[in-house]
Amino acid sequence: MQVCQKCQSKFEIAQEEISFYDKISPVFKGKKYLVPAPLLCPECREKRRICWQNVGFLYRRLCDKTKELIISIYPPDSKYLVYSHDAWFGDDFSDSKYGIEFNFNKTFTEQFADLTARVPRLALVNSNSENCDYCNFIDRCKDCYMSFMLYHNSEDCLYAHWGMEDKDCADISISNKLESCYECLQCLACYKCFFCYRCHHSDDCYFSADLHNCSHCFFCKNLSRKQYCIFNEQYTKEEYARKIQEIGFNSQASLSKCKAQYKELINSMIAPASFKINCEDCVGDDLINCKDAHHCFLSHDLDWARYCFGAGNDKCVMDMFSTGYNEWCYEINSIGYSSNCLFCVHITESSSLFYCDTCGNCHDCFGCIGLQHKQYCILNKQYSKQEYEELVPRIIEHMMKTKEWGEFFHPSLSPFGYNETVAQEYFPLAKEQALEQGFNWSDYEAPFPKVEKIIKADELDRDQKFLIPENNDILN
């Protein structure tokens, strides 16, 4: 039994976790440099990682290179240099020119902080996407607006949060493979579903919850392989159409009434102790197609994973947040298509990185920021393979003495205020508490935009037509 050095709570480290630390420990010239057991409990480790994750706080500011107005996750008063996407990936931007030589008279944290102050930061975490200028943490998407943590060929989505392969959707959250859906939460592989919760492989369902392989259901809950049902009562196709006509939901007033009934339905549904689909030997919630995943949540297609949140297609990983397609990684925040990466944030298509931030297509780098297509770099300084393999072991031994090796970045290194990150959503703290625990805090308040007219929500036209298809479309 271990005692967390942060909150003093007790936590266990299983023998299989000890074996995992041994397997991920780097080897240089035949000598293994062991990754030690963590000093913090799983919850404190997660807080320390996700205080690097500003997902939805967007600001108007100037690009520090082009002086053009841009949208950024860094406020105008940020102490960091911030470049637009085009400037940061421009041909004249050299990430290695900011390199510094490692100083064994200083801690790694001190030197990484110095490097952080020198290297320009990317305005938005937005890659391989088209026409998604107002989105953050988005990859391989097209024509999306105000959407966050959206991946893998999502298209034409508005106000979407945390999904993949979603198309023509609005106001959806934690949902994958949806098409033409609206106001859906934690749904999978659904088509034309409106106001649905925890439904999968269903279509043309409305104001329903926990439906599996259903179609044409209205105000239903806890059903499997059903169609033409209202309030869980079976109807014929023709009866269903007439009943929907009687209910009516084509105005704001009728919509409000339907929402109230939907809320009652959610509160009365039979909920499983945990939500798992096709899982084996798993402990957690909201898991799909996982095997041997413990203390994992909102994840899919995991194979041996521990303490993961928002992970997908990862194998042999531990302490991960918002990740996908990785192997043998540990203490990672926002990483994809990578292997053997330890203590890193915002990494893509890389391998064997240690303590790196916002790097892509790199391998064998230590303590680097903003590198692309690089190898054998330390604090952004280029070395030969031989020099790298001689210097890194010395740095690890130095970090062992300063008790930095094996622990994630110190929270003070995060470029965001704690209140700007998802850490505040999951583990809310007052400003005084956050500062006392070593986190940063942002006091920036954006000026209210100048507008010609403000209409309060309760003053909007309540007779506007709602966008659910007309009744003659329901049965098509």
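What pLDDT does the protein chain average, and what share of the residues score at least 70? The chain of this predicted model averages a pLDDT (the predictor's confidence in each residue, from 0 to 100) of 92, and 95% of the residues score at least 70. Residues are numbered from 1 along each chain as its sequence is written. Local features need pLDDT of at least 70, side-chain atom pairs count only at pLDDT 80 or more, totals for chains, interfaces and linings use all residues, and side-chain values use heavy atoms, without hydrogens and water.

Two stretches score low. Residues 464-468 stay under 50 and have 14 contacts (heavy atoms within 4.5 Å) beyond four places in sequence. Residues 470-476 are also below 50, with 16 contacts beyond near neighbours in sequence. Where pLDDT is low, the predicted coordinates should not be read in detail.

Empty space was searched on a 1 Å grid over the protein atoms alone; a cavity is a set of points where a 1.4 Å probe fits but cannot get out, a pocket is an open set with protein on both sides within 12 Å along at least five of seven lines, and lining residues have an atom within 4 Å of a point. The second largest pocket has a volume (the space filled by probe spheres set on the points) of about 500 Å³. Its lining comprises 19 residues, with Ile-70, Ser-84, His-85, Leu-124 and Asp-133 closest to the centre. Strand S6 (69-72) is one of the elements supplying at least two lining residues; S6 gives the most, with 3.

The whole structure holds 1 cavity of 30 Å³ or more. The largest cavity has a volume of about 90 Å³. Among its 13 lining residues, Tyr-74, Arg-121, Leu-122, His-346 and Thr-358 lie nearest the centre.

Methods. Helix = DSSP H or I, 4+ residues; strand = E, 2+ residues; numbered from the N terminus.
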